[in-house]
Each structure stands twice: as C-alpha cells, then as structure tokens.
Amino acid sequence: MICGLPALLLFFVQTSGIVHRPGIDLPYVTQGEGRPVLLLSGGPGFTSDYVRGVMDGCKTKGLRWILLEQRGTPRARMDRGTAKEFTIDEYVKDLEALREQLHLKKWNVIGHSWGSMLAHAYLAAHPDHVSSIVFLGNTGPDTTMLEPAGDNIDRFLTPAERAEEAKAGANAVNGPAEDGAALKLFMLQAPAYFFSRETFEKNLGLFPEGCLVGNTENLVFPQVVGKWDVSKAISRYKGPVLALQGRQDILGETPVWKDKMAMPQTQVSFVERAGHMTWLDSPKPFFDLLDAFLAANAK
C-alpha cells in the first residue's frame, strides 16, 4: 500500500504540474508509470479532455501518459495574446519545455487532428527526442488537407445545417472568436467528424460548454495555412511511425500517403467505418492497431 492505495491502482493515479513559459502557465497531467507517451489534443483551442478516451482505452502496459493543456485552451487562456504568441514554433517550444521539465531524453508522441500537425512540427524540430510517433486524424506534413476537409464536412450536413454554418461566416482559416459561438459552430459541423450520427449523439458529452477558446484558431491558422510544410524536415526521422486514419476521415487519405513518402518506414493503417474520431467510431480495430504499435515500438 502507498498513500492508502493498493499497488494495482497506482497505474490510474494521476499527477499534475505546470510548465512556466513566458507570459503563460501551461498545466499538464500524467497518468501511469513507464515509457512516456505525450498525447496532443486537437483544435487548436480545445482542452485535452476529449482525447482521454485514447489513453483510457489503450491496454498496453507500462506507459506514462502525458497530457498538456496547450496555449490558448480554456485552462491556459491568453485572451490578450497576439499572433506572435501563437506561432507553431511557440507551441513546439512549449512541448520542449515540458520534456525538459520532466527530465525525459526521449518520448513517444501521439497527436490527433491539430495535435497531429503539432506532432509533425515537433518531429521536424526535434527528431532526436522522439522514440516513436503516431498520427490520428492525420493532417499530414502540410496544410493542403484543409480545403477538401471543408467540402467533406459540408456534404455530410443537411441543407439546414449548411445554412446555419454559412451564417457563422467561418472558413478553413477563421471562425467565430467568441467561445460560445465557436463551440456552437463546431457542434453543428461535428456530425461529419464521425462515421455515423448515432455515434456522434452518443458522445455529445465530450464537448461541453467551456471546452473551447474560440479565437485561438484565428491566431494560429492564418500563419500556417498555405505556408507550412515540414515534408523535408521530417524525413530526417528514422524511427517508428504509425499513421492511423479512419477510412471516412474528413481529411481523407492523402495526408497519410504524404507522410509515407517523407518517411518510408511509416506504417499506414486505415480503420473501416470510422471518421475523424476513430477510437469512438470503431474502438476495437483502432485499439488493436494502436496497442500493437505501442507494445512493439514505445521506448
């Protein structure tokens, strides 16, 4: 017994901390003990809460999960922040500060959606600090996926939903700045992120009021869309890569094949009848693939 808890329960014990960065404090939590796995949530602007299902559903033993609240999320707000404070380089520096604070020589990285873009950027900057990497809801090494993503969302929505979407005036680069309006737009589009509306409706609770800072994407995306490409930089990385994509993901299949061209060692795996939230649409095949990769490659 330690602190009144049976040893078998220690895996579920969480610890928390804060990374102090210029002008902002970034909270983080860790869960489990063993090989470190950094799990990066999407957005930008969402809390890390919705990706906890990836961590909780994984059965691989001996992992230490790390979830960082990224800058511009509800637990790390920068309401007076400027574009200068929201460059992708600043996000990468945040991750590197966390790695150093945790005294890790290397870690395994998993990124979902925007988190996969951030994972690409980190890999490009610090390939020697990554043991293995997994891309979920993969954006690929550039931003060309955003235009077809908008079309893929719209084709899934009803005419009434598309009309409401148009009223919001959002596009691939900018959306509503106010938190409530941004979350309302996301929830309007969110059915397209799933293979079925039934699965979407079962998971409504993952995106409660207060889970999103609306203006963050308006500070981040204009700086990267059409300007960001790390294809050459990531080719320096020779370690294990898994691109795990839903067959019906709104981002399509092109991003994973771009990773395969840049990093030939990439394991490309598609999950059938699954969209952008693969672990929710088809959990068994998703976790079978993820667990097999982590068991074999996480160090």
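Where is the place of Ser113 in this fold? Ser113 sits in the loop that runs between strand 5 and helix 3 (114–125), with helices (H or I, at least four residues) and strands (E, at least two) taken as DSSP runs and numbered from the N terminus. The model is a predicted one, in which local features need pLDDT of at least 70 and side-chain atom pairs count only at pLDDT 80 or more, while totals for chains, interfaces and linings use all residues. Residues are numbered from 1 along each chain as its sequence is written, and side-chain values use heavy atoms, with hydrogens and water left out.

Ser113 is a good place to start, as its backbone invites a second look. Although Ser113 is not a glycine, its phi is positive, at about 60°. Ser113 has a relative accessible area of 14% and is therefore buried; here buried means under 20% relative accessible area, exposed over 50%, and partly exposed in between (1.4 Å probe, protein chains only). Arg273 offers another case of a positive phi in a residue other than glycine, with a value near 55°. Arg273 belongs to the loop between strand 8 and helix 11, and its relative accessible area of 56% makes this residue exposed.

The neighbourhood of Ser113 leads on to two histidines. His112 is part of strand 5 (residues 107–112) and counts as buried because its relative accessibility is 2%. The side chain of His112 meets that of Tyr50 in a polar contact of 2.8 Å. Such a contact is a pair of N or O atoms within 3.5 Å; within protein, one must be able to donate a hydrogen and the other to accept it, and residues adjacent in sequence count only if both atoms are side-chain atoms. Leaving aside residues up to four places away in sequence, His112 touches a set of residues including Leu40, Ser41, Gly42, Val51, Leu136, Met277 and Trp279, where contact means heavy atoms within 4.5 Å. His276 is also one of the residues touched by His112.

His276 itself lies in the loop between strand 8 and helix 11 (278–281), and is buried because its relative accessible area is 2%. With residues up to four places away in sequence again left out, the contacts of His276 include His112, Ser113, Gly137 and Tyr193, along with Asp249, Ile250 and Leu251. His276 and Ile18 are 258 residues apart in sequence, and their C-alpha atoms are 30 Å apart in space.

Strand 8 also has a partner to introduce. Strand 7 (residues 241–246) and strand 8 (residues 266–271) pair in the parallel sense over six bridges, pairing being assigned if DSSP finds at least two bridges between two strands. Between these strands the chain passes through helix 10 (residues 254–262), forming a right-handed β-α-β crossover. In a right-handed crossover, with the strands pointing away from the viewer, the path from the first strand over the helix to the second runs clockwise. Within the pair, Gln245 stands opposite Phe270 in strand 8.

Among the helices, helix 4 (residues 146–156) shows a clear division of its residues. Leu146, Ala149 and Ile153 are buried in helix 4. These residues cover an arc of only 50° around the axis, so they are on the same side of helix 4; the arc is that of the directions from the helix axis to the C-beta atoms. Exposed Glu147 and Arg155 are carried on the face turned away from the buried side of helix 4. The cover over its buried residues includes helix 5 (159–168) and helix 6 (179–189).

Helix 8 (residues 216–224) has Thr216, Asn218, Leu219, Val220, Phe221 and Val224 as its buried residues. The buried residues of helix 8 pack against helix 2 (88–101) and helix 3. Gly226, just after helix 8, takes a positive phi of about 75°.

A few further features complete the picture. The peptide bond from Gly43 to Pro44 is cis, with omega near -5°, and Pro44 is located in the loop between strand 3 (35–40) and helix 1. In helix 1 (residues 52–57) lies Asp56, which counts as exposed because its relative accessibility is 52%. The C-alpha atoms of Asp56 and Gln31 are separated by 9.7 Å, with their positions 25 residues apart along the chain. As for cysteines, Cys58 is buried at a relative accessible area of 9%, and Cys211 is buried at 5%. Zero disulfides (pairs of cysteine sulfur atoms within 2.5 Å) are found in a search of the whole structure.
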